[in-house]
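Dear colleague,

I am handing over the structure we spoke about, and below it you will find my notes on some of its charged side chains. Please read them with the model open beside you.

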Amino acid sequence: MTRIEKRSARSPRQSGLRHWGLRQWSGVSAIVVALVAATLATFAILSGLSLQAGAARADIERQLSDLAGLPVSVEGSSSLSLLPKTQIRLSRVRVGEEMAGARPMATVDAIIADLGLWDALFGRAEIERLTVIRPRLLAGALTDPAQAAIAPAAPAKTGRSGAPEMPAQEAPSGLGSSRDSRDFRQISHYLAAFLTRLGDLTRVDISNGAVRAAPGDNARGITDANITVSWPSPGAAAVLTGSYVWNGEPADINLKLSSPLEFLEGGPSAIDLTLTSPPLDIRFSGTGSTRGNSDFAGAVKISTPSLARSVRWLGDPNATMPDLGTMAIEAALESTGMKLNLRDATVSIVGYSGTGAMEMAMGADSVPAVSGTLAFDQLDLTAFAQALAPLPRNPLEFERRIATGFIHRLDLDLRISAAEGAIATVPITDLAATVKFKDGVAMFDVGDASMLGGQGQGRFAVDSRARIPLAKGSASVSGIDTAQLLAAIGVSAVGVSGLSDLHAEVGMPVTSWADIARRLQLTLAVTARDGSLSGFDPAVFLGAGTKPFALATGASAIPFKKLQAKLSSTGPSVAIQKLSLDGAAGTFEAAGALSTATNGIDVFGSFTPLSTATATPLANSQPVSFRMSGEWPRPTVTTGPPVAPM
């Protein structure tokens, strides 16, 4: 018997599952193979990463050397990270060499360079962004000949596309060869050359930087500098922004070059600069170029709450300067090299505003020479005098030394005019004057001024070159109203009317107010015409005997044709060399001395009546002698018998 077995038929569903399983197995196998390959590749990359970091470090050192123009060495560690940012970090970086006769230009705690990923993987370092952490720059090393000698011999890379290396600059015409001016030119040239070497670098961030003029933490310079230099592309504007501390005061800076390539090549570029700080604000908007002597033109605004404070902040913190208070300048600036012109200038100083033009040039000794003309609507010269030599407010301030050292640091020739003003309490109009500071001598010259119905001129000079600074001056006025003069200076006890001419000369040491009070020398000559004298009873000088002298505001006036007085003083001692009055009743003549320290007075003289029919009842037929002595304002008057004519 033959057994016939029945074969089971395969369903279509079973056949499809079989083919799907084969496909899945093939896909999983491919993924596994890819993962294994990727793992092997990653292992190979990571195993060589330290080698690539070393290559990138060497490339970074080379690029930084090209950028700085000096040897750059990494004394610390270096590390390379790929993700999330591709960066290499270098620690303890030195710029320049430390060797006999040469100082390193800078030391940096760390530098972080942003790189391209694939370049970094293959050991190449094309820097896109640079972060410099805690750089310490020694500015003097920029001009150190020894550092220049060790600079890379190969020419530095050219700058951004089409930007050539900055050519060597010639000294601007008229500029001296002092160390400061040479250093300024070399530092400016170095910074310009640095910008031309940026290459593909689009941004530099400086964090907590410092620039010192000399070694040591106490040396003057910039600290806490947090600066960003951004230059996204050759055709874009370059911007420098950030903050820093200079001489103990914070400052914010924003500088924009609209055409940096043209500017670095010597061509023109629009420039916007804003510098703000508590001592000084500067704003400039205009154009500039670095070709030849460098040219800049545009609108400038400068303001300071204290001129003395801003000078100390910019220069020497210990400098002695007069405090003229707030000051502001707004003008159209034109500069060539080290010469500055301010056109259509508005200058505000000691609360008064003037307009005109000014010029400043840096001389061989680095002292800026300033000249110009300013016209004021109103100007009180007393404010300037108070700033130069503040009056003492208490007995201790009488011994305070008056500063004169700043005179050596100024070279000034300024012509000023004012429609209205004042000298002390005397009002003036139509003032024309010159202010000069030159070679340690300060001079104020009033060529002409109208005052109290008359005209006046004067000159006052301070010579700070002597061991004890000295001041000398003279003043003359003619045709002034005598009554108005006495009222202006606060004299009310004795009244004098009429027109007067005055001439005064003064000499004194400029040391302290106490010394001035002891050693002031003054001569004064006064001539009054066709007026009257009032304030006392003239009968006290008539009749024999001793009588008290008393001021009497209601006493009758004594008319005169001419009144003359000549006085001289040394310190508090005043010598009355001549005092004469010619009136309708006769001639009054006197001489003597008084002391402003003790109010002591000792004056002697005579009264000679006119022997005419028109003589007043007070007139005697013979001259009468008298002597006034005691303490002002209540001395005694002793009158002698008439003096027989010779």
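Glu75 counts as partly exposed, because its relative accessibility is 39% and the partly exposed class lies between the buried limit of under 20% and the exposed limit of over 50%. Please bear in mind that this is a predicted model, and that the values in this message are computed from it.

Glu75 forms a salt bridge with Arg94, in which the closest N and O atoms are 2.8 Å apart. This pair links distant parts of the chain, since Glu75 lies in the loop between β1 (72-74) and β2 (78-81) while Arg94 belongs to strand β3 (residues 87-95), 19 residues apart. Unlike Glu75, which is partly exposed, Arg94 is buried, with a relative accessible area of 17%.

In general, side chains of opposite charge can pair when their charged atoms come close. The structure holds 16 salt bridges, and two others may be worth your attention when you look through the model.

One of them joins Arg519 and Asp515, whose side chains meet at 3.3 Å, N to O. Both residues sit in helix α10 (residues 513-519), and because they are 4 residues apart there, they are separated by about one helical turn. Arg519 is partly exposed at a relative accessible area of 41%, whereas Asp515 is buried, with a value of 11%. Returning to the earlier pair, salt bridges that share partners join Glu75, Arg92 and Arg94 into one network.

The other is formed by Arg400 with Glu397, where the closest N and O atoms are 3.8 Å apart, a distance that still counts because the cut-off for a salt bridge is within 4 Å. Arg400 is partly exposed, with a relative accessible area of 33%, while Glu397, at 12% relative accessibility, counts as buried.

Where, then, is the place of Arg401? Arg401 is found in the loop between α8 (381-388) and β17 (411-423), and Arg401 is exposed, with a relative accessible area of 57%. Leaving aside residues up to four places away in sequence, Arg401 touches Pro469 and Thr511. Arg401 and Asp515, the latter being the buried partner of Arg519 described above, are 114 residues apart in sequence but 9.5 Å apart in space, taken from C-alpha to C-alpha.

With best wishes

Key. Residues numbered from 1 in each chain as written. Predicted model: local features only at pLDDT ≥ 70, side-chain atom pairs only at ≥ 80, totals over all residues. Heavy atoms only, no water. Helix = DSSP H or I, 4+ residues; strand = E, 2+ residues; numbered from the N terminus. Buried < 20%, exposed > 50% of the residue type's maximum accessible area, 1.4 Å probe, protein only. Contact = heavy atoms within 4.5 Å.
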